[in-house]
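Work through the exercises below with the model open beside you. Try each task before reading its solution.

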Amino acid sequence: MRLLVSGGGTGGHIYPALALIERLKQVEPDTEVLYVGTTRGLENKIVPDAGIKLETMQMQGFKRSLSLDNFKTVYLFLKSVHHAKKIIRDFKPDVVLGTGGYVSGAVLYAAAKHHVPTVIHEQNSVVGVTNKFLSRYVDQIAIAFEAARSQFPAAKVTMVGNPRAQQVAAQTHSDFSWTEYGLKDEVPTLMIFGGSQGAPKINQTVVDAIPEFNKRDYQVLFATGQKRYEHVKEQLKDVKLGANVKVVPYIKDMPAKMPKVAALVSRAGATTIAEVTALGVPTILIPSPYVTANHQVKNAQALVRKNAGLMITEDRLDARSLLVQADKIMQNADLRAEMAAAAKKLGKPDAADHLIKVLHAAIDEHQ
Ligand SMILES: CC(=O)N[C@H]1[C@@H](OP(=O)(O)OP(=O)(O)OC[C@H]2O[C@@H](n3ccc(=O)[nH]c3=O)[C@H](O)[C@@H]2O)O[C@H](CO)[C@@H](O)[C@@H]1O
């Protein structure tokens, strides 16, 4: 299959696309892939690191208020559609997949206008602006939450789950050792990150909690987000780090590491949720209040309701509330086992295979 993929800006849109590509190459080894992203998004690092060819274009989002910048946005969008048409003519894809972010808006729109089969994947329960716009033009729509179905034209929708779930669930053993981070393999690890880009409030809270984490009999691996690392290092200038606490900008190759964590503290982004439910990882979720229709709270509630996760809303987040919840999970192996089993029941570990079927359905529709 010749597959053109576009999804950008943030890890939550990129990792599902990469997981789908990895699976497709396993089942259809003659697959050719080209990825289209933005010049500024996380895809610039993650996609080439995965050995996939990347083309970039300049994009920006709409401001909610009327602003001159919006004219520039429209100009860049039209320019990107033009650029995307050229990429499509040159690459000649059998199908084009969009996983969200403004860049996928331009690429999928161009593909649909070019009569190339098109599929979008929506990771969230509340549909993003780009996918909402594209839903009129594309052939097929794959979803990961039932709640998204009614927000799209019904005849186009198929429930598949999130391909990242299949990728992490398939990695049944890895050689990863916590000693890579100067930590110990025999001590339970609490991993902390604020989504793929880090979150200032979570970072500040962890910094405040570090003097207490230093005294715990569990260990902590804390990722600040690549762009926020220098700032956190500055905040930590006068804080002593215990041997059981490590602070890094970003955690690479998560599928090798996440199966080995005892519990995770994180935002409630859809791709993170797909991973922890596929693996059965107990979570403390701190939903981002800055996302469309507060969808991360809905994502988190789905786990809390089934006793698979705990939630701290950002307005209640401080070092004390974080430590109380972290201790509750990390100091009770039975509770962790119960939460892990509850989380796993919510996982969809064959999502990539379902999405591949949807890609073929879109191709077949055009024949
Ligand atoms: C602020 C924002 O717009 N967030 C959205 C974004 O979140 P965001 O990009 O944070 O995405 P998710 O939480 O869904 O996924 C984060 C991904 O990054 C990985 N990771 C994270 C930290 C790290 O150090 N290393 C690493 O590899 C995680 O394992 C996961 O695969 O896309 C999601 C769609 O999927 C949405 O649900 C979120 O609301």
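The exercises that follow use a predicted model.

**Exercise 1. Lay out the domains**

Task: Find which residues make up domain 1 and domain 2, then describe the contact between them.

Solution:
- Step 1. Domain 1 takes residues 2-162 + 349-365, and domain 2 takes 170-345.
- Step 2. Between the centres of the two domains, taken over C-alpha atoms, there are 29 Å.
- Step 3. Domain 1 brings 15 residues to the contact, and domain 2 brings 12.
- Step 4. Sort the domain 1 side by class: 6 residues are nonpolar, 9 are polar and none is charged.

**Exercise 2. Read the annotated domain**

Task: State what UniProt lists for residues 189-354, and give the helix and strand content there.

Solution:
- Step 1. The unreviewed UniProt entry lists this range as "domain: Glycosyl transferase family 28 C-terminal".
- Step 2. Helix accounts for 45% of the range and strand for 14%.
- Step 3. The C-alpha atoms at its two ends lie 33 Å apart.

**Exercise 3. Place the binding-site residues**

Task: Locate the residues that UniProt marks as "binding site", then decide whether Gly 11 and Asn 124 are buried or exposed.

Solution:
- Step 1. The unreviewed entry marks Thr 10, Gly 11, Gly 12, Asn 124, Ser 196, Ile 251 and Gln 296.
- Step 2. These positions span 287 residues of sequence, and in space their C-alpha atoms are up to 22.9 Å apart.
- Step 3. Take Gly 11, which sits in helix H1 (residues 11-27). Leaving aside residues up to four places away in sequence, Gly 11 touches Leu 42, Ile 46, Ser 196 and Thr 271.
- Step 4. Count around Gly 11: 22 other C-beta atoms lie within 10 Å, so Gly 11 is buried. The cut-off for buried is 20 or more.
- Step 5. Move to Asn 124, in the loop between strand E5 (118-122) and helix H5 (129-134). With the same sequence neighbours left out, Asn 124 touches Phe 145, Ala 148, Ala 270 and His 295.
- Step 6. Asn 124 has 27 other C-beta atoms within 10 Å, so Asn 124 is buried.

**Exercise 4. Describe the shell around the ligand**

Task: Which residues come nearest to the ligand, and which domains supply the shell?

Solution:
- Step 1. The shell has 24 residues, of which Gly 11, Gly 12, Gly 195, Gly 269 and Thr 271 come nearest.
- Step 2. By class, 8 shell residues are nonpolar, 13 polar and 3 charged.
- Step 3. Helix H1 and helix H10 (270-279) each give at least two residues to the shell.
- Step 4. Domain 1 and domain 2 each contribute at least three residues to the shell.

Key
Residues are numbered from 1 along each chain as its sequence is written. This is a predicted model: local features need pLDDT of at least 70, side-chain atom pairs count only at pLDDT 80 or more; totals for chains, interfaces and linings use all residues. UniProt positions are given in the numbering used here, feature names are shortened, and annotations may be inferred rather than shown by experiment. Helices (H or I, at least four residues) and strands (E, at least two) are DSSP runs, numbered from the N terminus. A residue is buried if 20 or more other C-beta atoms lie within 10 Å of its own, exposed if 12 or fewer, and partly exposed in between; C-beta atoms are placed from the backbone. Two residues are in contact if their C-beta atoms, placed from the backbone, lie within 7 Å. Domain bounds come from an automatic or database domain assignment. Ala, Val, Leu, Ile, Met, Phe, Trp, Tyr, Cys and Pro count as nonpolar, Asp, Glu, Lys and Arg as charged, and the others, Gly among them, as polar. A residue is near a molecule or strand if its C-beta atom, placed from the backbone, lies within 6 Å of it.
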